[in-house]
Amino acid sequence: MADAAVKSDPTEAMIASLTMPEGTWAAPARADALARLRTMGLPQRRDEYWKYTRPDTLTQIGAPKASVLTNDETPMYDGVDRLSIVFVDGVYDVEASDDLTLEGVTIERLAAADSDLHWAKNLYGVLEARGQTPVERPLAALNTAFATDGILIHVTGKPSKPINLIYRHESDSSDAILHHCIKVEEGAEVTVLENGPAAARFNKVMEVEVADNASFHHIRAQGRDHERRAATHIFARLGAEAAFRSFTMTVNGQLTRNDCVIELVGDDSIAHVAGACVGDGDFHHDDTVFITHDAVNCQSRQVFKKVLRNGATGVFQGKILVKAGAQKTDGYQISQSLLLDGDSQFLAKPELEIYADDVACSHGSTSGAIDEDALFYLRSRGVPTSDATDLLTLAFLAEAVDEIAHEDLRADMTARLGAWLTRRRS
């Protein structure tokens, strides 16, 4: 009885501290998510998929304090023509956002969508619920139950520009719970950009349905708030010949947990998930990925690179599940860390579970320091030690950054990673 109370007591306290939005088409999904949350309980350190990351500050009542930093950098994606949608501390800012009209796509706020026949009724909470098996993700269920707002994106064509979701943090003590639903219809294609810290504590879910022969591109930049705590979840389902590509760059932040759960249910579909993170000091970054192959001739790639210094911690938990009948699966997974000192650590748990016999699956995980021979080579040719270290670090991150298909965005990410390294020189 005492063990049950360890989870039920804090879970009920969290539920009591939040208010569930009422009277919308999402009500059944919210009620279902609440019931699942009560059954699972909030995550604890004893849970298998939380043994490397302490969930405490993500589950305590009230958001921890976090200083608000003035962003003196060039705005993210500044050179890209895009439609911007702004949330300030989890609240949609209509004046800071662009007009939501864009050819080939319909965009609405979750809080404002009130039709009982809304298309999102068949998506909101659906992929999140599917993603609870075989691994429970209670923070995602919490989100589905209590999300106050988000964006609903219905893609029927090929919009001429990306959709940029911008999160701003203007209060030193705030929570933000946002839930986005994205449905990409057959043959359609869209690019979604994300950036910003959002709040002292951020819980976000994105559900993405990619239909046959459709494409979804996702690029996310997390930073620069040193004290940010974030739990993000992407749940995606891919039809035949569909493509899903997601890249995340993370700099700073006290605790970041990024979950990505993808189902390939249509033949010949492709899913690429990549991340590059650079952390310094009191920095804990956790990428947890679960990709299920449930169709023939599908390809998945997981490429994660972490650069850590001054006691920073990086975590990678990645799994490829190949179900019976998912023949000709091509699954690739690599997770690597570059430790710039002896105080940092990288914790990895790569997994393969295969029930088909005609597959090509591989995974690998390594940790290491700067290549001294390469460093000596650069220094012998007049490159200062700090510049040489940064060049080798960017070369290490390049495999993950190269997963970005858009050339300008790829170059921008590389430049920002280089700028972070320059700012953090001893």
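**View 1. Ser115 in a loop of the predicted model.** In this predicted model, Ser115 counts as partly exposed, with 34% relative accessibility. That class fits because 34% falls between the cut-offs of 20% for buried and 50% for exposed. The residue lies in the loop between strand S3 (105–109) and helix H4 (126–130). Thr24 is 91 residues away from Ser115 in sequence. In space, the two C-alpha atoms are 7.8 Å apart.

**View 2. Asp343, an exposed loop residue.** Strand S17 (329–339) and strand S18 (345–354) are joined by the loop that holds Asp343. Asp343 counts as exposed because its relative accessibility, 61%, is over 50%. Asn310 is 33 residues apart from Asp343 along the chain. Their C-alpha atoms are separated by 6.0 Å.

**View 3. Thr53 and its contacts.** Thr53 sits in the loop between helix H2 (27–40) and helix H3 (56–59). Its relative accessible area is 1%, so Thr53 is buried. The Thr53 side chain makes two polar contacts shown here. One is with the side chain of His284, at 2.9 Å. Another, of 2.6 Å, joins the side chains of Thr53 and Asp286. Neighbours within four places in sequence aside, Thr53 is in contact with Arg45, Leu255, Arg257, His284, Asp286 and Val315. His284 and Asp286 thus appear both among these contacts and as polar partners of Thr53.

**View 4. Tyr77, a residue with positive phi.** Tyr77 is found in the loop between H3 and strand S1 (83–88). Its phi is near 60 degrees, a positive value in a residue other than glycine. Tyr77 is buried because its relative accessible area, 1%, is under 20%.

**View 5. Asp89, between two strands.** The loop between S1 and strand S2 (91–92) holds Asp89. Here too phi is positive in a residue other than glycine, with a value near 50 degrees. Asp89 has 17% relative accessibility. That is under the 20% cut-off, so Asp89 counts as buried.

**View 6. A cis peptide bond at Pro134.** Pro134 lies in the loop between H4 and H5. The peptide bond that leads from Thr133 to Pro134 is cis. Its omega is near 5 degrees.

**View 7. The two ends of helix H6.** Asp371 caps the N-terminal end of helix H6 (residues 372–380). A side-chain oxygen of Asp371 lies 2.9 Å from the backbone nitrogen of Asp373. After the helix comes Gly382. Gly382 has a positive phi, near 90 degrees.

**View 8. Two nonpolar cores.** The largest nonpolar core has 52 residues. Which residues have the most contacts inside it? They are Ile85, Ile107, Ile153, Ile163, Phe216, Leu238 and Ile262. Leu238 touches Ile262, and also Val210, Ala243, Phe244, Glu263, Leu264, Val265, Gly266, Ser269, Ile270 and Ala271. That list leaves out residues up to four places away in sequence from Leu238. A second, separate core has 34 residues, including Ala29, Trp119, Ala141 and Cys181.

**View 9. The largest cavity.** Rolling a probe the size of a water molecule over the atoms shows where empty space is left. The count here is five cavities of 30 Å³ or more. The largest cavity holds about 120 Å³ of space. Its lining is formed by Met14, Leu18, Leu58, Leu139, Leu142, Asp175, Ala176, Ile177, Arg201, Phe202, Asn203 and Ala231. Helix H5 (138–146), strand S6 (175–184) and strand S8 (201–210) each give two or more residues to this lining. By class, nine lining residues are nonpolar, one is polar and two are charged.

**View 10. The second largest cavity.** This cavity contains about 90 Å³ of space. It is lined by 13 residues. Which of them are closest to its centre? They are Arg220, Thr248, Asn258, Cys260 and Val273. At least two lining residues come from each of strand S11 (243–251), strand S12 (255–264), strand S13 (270–280) and strand S14 (284–293). The lining of the second largest cavity divides into six nonpolar, four polar and three charged residues.

Conventions:
Residues numbered from 1 in each chain as written. Predicted model: local features only at pLDDT ≥ 70, side-chain atom pairs only at ≥ 80, totals over all residues. Heavy atoms only, no water. 1 Å grid on protein atoms, 1.4 Å probe; cavity = no way out; pocket = protein on both sides within 12 Å on 5 of 7 lines; lining within 4 Å. Points joined across faces, edges and corners; volume = space filled by probe spheres on them. Helix = DSSP H or I, 4+ residues; strand = E, 2+ residues; numbered from the N terminus. Nonpolar A, V, L, I, M, F, W, Y, C, P; charged D, E, K, R; others polar. Polar contact = N/O pair within 3.5 Å; in protein donor to acceptor, adjacent residues only side chain to side chain. Core = buried A, V, L, I, M, F, W, Y, C linked by side-chain atoms within 4.5 Å. Buried < 20%, exposed > 50% of the residue type's maximum accessible area, 1.4 Å probe, protein only. Contact = heavy atoms within 4.5 Å.
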